[in-house]
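Q: I've got a structure open on my screen and I'd like to learn how to read it, one feature at a time. Where do we begin?

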Amino acid sequence: GGLRLTMDLAYASPLFPFLVLVTFVSMLSSSSSTTLASGFSIKEATVQDLQLAFQTNQLTSRQLVEFYLNQIKIQNPLLKGVLEVNPDALTQADAADKERREKAPSSLSRLHGIPILVKDNIATKDKLNTTAGSYALLGSVVPRDAGVVTKLRKAGAIILGKATLSEWAHYRDSDIPSGWSARGGQGKNPYTLGEPCGSSSGSAISVAANLVTVSLGTETDGSILCPSSMNSVVGIKPTVGLTSRAGVVPISPRQDTVGPICRTVSDAAYVLETIAGIDTLDKATIGASKYISKGGYAQFLKKDGLKGKRLGVVRQFYEFGNGTLLDETFKLHLKTLRQRGAVLVDNLKIDDIDEIMNDQSEIIALNFEFKLSLNAYLKDLIASPVKSLADVIDFNQKHSKLEKLDEYGQDLMVAAEKTNGIGKVEEQALLNLTRWSQNGFEKVMKRYKLDAVVTPFSSFSSILGIGGYPGVSVPAGYEKGEPFGICFGGLKGSEPKLIEIAYSFEQATLIRKPPPLRKLEVGRNNDLELKKNQKLGF
């Protein structure tokens, strides 16, 4: 059963011409294959570990890239976290090694020589495609690197490749499984082989399974926080505009944000400080520049970061049933937060919560925003098989087999195409979202002088999404081997506080563990995801 499936996937994968058949023995890559002759172990290594290994000549960027390419070759036919590998990755690694030999370590950034995967809706002006997982954009030519990629390259990071995602960041059809795209197939949670959550599924899968050091994802509503929670990694969803969205296949300029998905809070802080900042091609970054932390975000990695923090507990999100593992785990976590010096303000209620979670205003707004912003993105391409949302819908119909249209449909795209700018209905929807943010979350935060709210999983993502607020997800535990996270959310520009809180919690608990080295069960249902009543991220 299992071996046969692995063989089929290896044959079917379009990723590498050199893919070899893998067995479960190689799938469980032994610890020796993660340790170099120098004695340095790459598996689970942090950015800081890697930089120290570079400086002490225990490791080169070439060795690091070769290790990840080998892990991708072994694990990706099953996990499908990586869509494409950069053919120039080793050349970039050699250049980083040369630069390291010639320059003083203090002159190099923390991400220098570090491989990173970017989600396939983030443009790279190189030999990689940027397709949002769709064949409709295969062969399209982007005018330039996305703003965040420009900053990564300037820092000396190595673009290892493109991560898989829910196709079109899960804005094609509401019934498409999370983590599926026509080009990438079905991404799998490395802990359970169930759904990984999305839409930044591949970014989380790849980091969790040690296929790369760090990655970039995007979020409109839940797409960084949910896969981070479900794949036992750290995700930061920044304040909208803190990081540039220029060159990113859009859904909503009002809600879209680009952020790091990493194994530790420290790695996520290093990536965030690299990609945050003004980009003249994204006006929102100019308005949000007042939120940028002078001196970066690493300065907020404080073990005592919880001391004196006021954290709100919104009980509407903690309905697990008394005595369940989730109930006991989160009770323990709230106790830990108190023990580390935080003041917990409990039993808070956010007004309009039912409307936010059930009303159609967010979808009404996203529909017209998607059409307008996607058409603008496609118009900006140098070459593309599709020039508008209408063309994409048409492409999917003409290539229904390739895009599995009969199986999955494209209801979100069709609904978006029917919109015609901002009419009365759209205007009312936008007013609702603003009102709910101001009278709900912001009111509670200010009334109780809170630094953050603490919620389980990614259950708070819609509230953070509609208002453009930041959130950080940190590993919180495992139920029957299936990971879940804890989320700290705050007002715009509160990343410094959120990083202090998240790092202090992470260091107090150290919950993350790599996916188990075991014979992987095929086709296990993702029961925990259903229990959480969590909508799919986009």
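A: Let's begin with contacts: two residues count as touching when they have heavy atoms within 4.5 Å of each other. Keep in mind that this is a predicted model.

Q: Fine. Which residues does Leu165 contact, leaving aside its neighbours within four places in sequence?
A: The list is Lys119, Asp120, Asn121, Ala132, Gly133, Gly179, Trp180, Ser181, Ser199 and Ser201. Leu165 itself is in the loop between strand E3 (158–163) and helix H7 (167–170).

Q: Is Leu165 buried or exposed?
A: Buried means under 20% relative accessible area. Leu165 counts as buried because its relative accessibility is 0%. You can also check its spacing to Val82: the two are 83 residues apart along the chain, and their C-alpha atoms are separated by 9.1 Å.

Q: Let's try the same reading on Met357. Which residues does it touch, not counting those up to four places away in sequence?
A: Met357 touches Phe317, Ser459 and Ser462. With Ser462, 105 residues away along the chain, the C-alpha separation is 7.1 Å. Met357 belongs to helix H13 (residues 353–358), and its relative accessible area of 37% makes it partly exposed.

Q: Now helices. How do I work out which way the residues of a helix point?
A: An α-helix has 3.6 residues a turn, so residues three or four places apart point the same way. Take helix H3 (residues 47–55), where Val47, Leu50, Gln51, Ala53 and Phe54 are buried. Looking down the axis of H3, you find these buried residues within an arc of 160°, so they line one face of the helix. Gln48 and Leu52, on the other side of H3, are exposed.

Q: What do the buried residues of H3 pack against?
A: They pack against helix H4 (61–79), helix H5 (89–102), strand E6 and helix H10 (265–275).

Q: And backbone angles? What should catch my eye there?
A: Most residues other than glycine have a negative phi, and most peptide bonds are trans. Asn57 is not a glycine, yet its phi is positive, about 55°. You'll find Asn57 in the loop between H3 and H4, and it is exposed, with a relative accessible area of 70%.
Phe457 is another residue other than glycine with a positive phi, near 55°. This one sits in the loop between strand E11 (452–456) and helix H19 (461–467). Phe457 is buried, at 6% relative accessible area.

Q: Where is there a cis peptide bond?
A: Look at the bond joining Gly198 and Ser199, where omega is about 10°. Ser199 is placed in the loop between strand E5 (185–186) and helix H8 (201–208). You met Ser199 earlier, among the contacts of Leu165.

Q: How do I tell which cysteines are bonded?
A: Check the distance between the sulfur atoms: a disulfide needs them within 2.5 Å. By this rule there is one disulfide. It joins Cys197 to Cys226, with an S to S distance of 2.0 Å. The pair links distant parts of the chain, 29 residues apart: Cys197 is in the loop between E5 and H8, and Cys226 is in helix H9 (residues 225–230). Both Cys197 and Cys226 are buried, and their link is right-handed, with 110° about the S-S bond.

Q: Why is Cys487 not bonded to Cys226?
A: The sulfur of Cys487 is 11 Å from that of Cys226, its closest cysteine sulfur, and this is too far for a bond. Cys487 counts as buried, at 1% relative accessibility. Cys262 is in no disulfide either; its nearest cysteine sulfur, that of Cys487, is 16 Å away. Cys262 is buried too, at 0% relative accessibility.

Q: Last topic: empty space. How is it found?
A: Rolling a probe the size of a water molecule over the atoms shows where empty space is left. Here, a search of the whole structure finds two cavities of 30 Å³ or more. The second largest cavity has a volume of about 80 Å³. It is lined by 17 residues, and those closest to its centre are Asn121, Thr218, Glu219, Thr220 and Asp256.

Q: What kinds of residues make up the lining of the second largest cavity?
A: Seven are nonpolar, six polar and four charged. Strand E6 (214–219) and strand E8 (257–262) each supply at least two residues of this lining.

Notes. Residues numbered from 1 in each chain as written. Predicted model: local features only at pLDDT ≥ 70, side-chain atom pairs only at ≥ 80, totals over all residues. Heavy atoms only, no water. 1 Å grid on protein atoms, 1.4 Å probe; cavity = no way out; pocket = protein on both sides within 12 Å on 5 of 7 lines; lining within 4 Å. Points joined across faces, edges and corners; volume = space filled by probe spheres on them. Helix = DSSP H or I, 4+ residues; strand = E, 2+ residues; numbered from the N terminus. Nonpolar A, V, L, I, M, F, W, Y, C, P; charged D, E, K, R; others polar. Buried < 20%, exposed > 50% of the residue type's maximum accessible area, 1.4 Å probe, protein only. Arc of directions from axis to C-beta.
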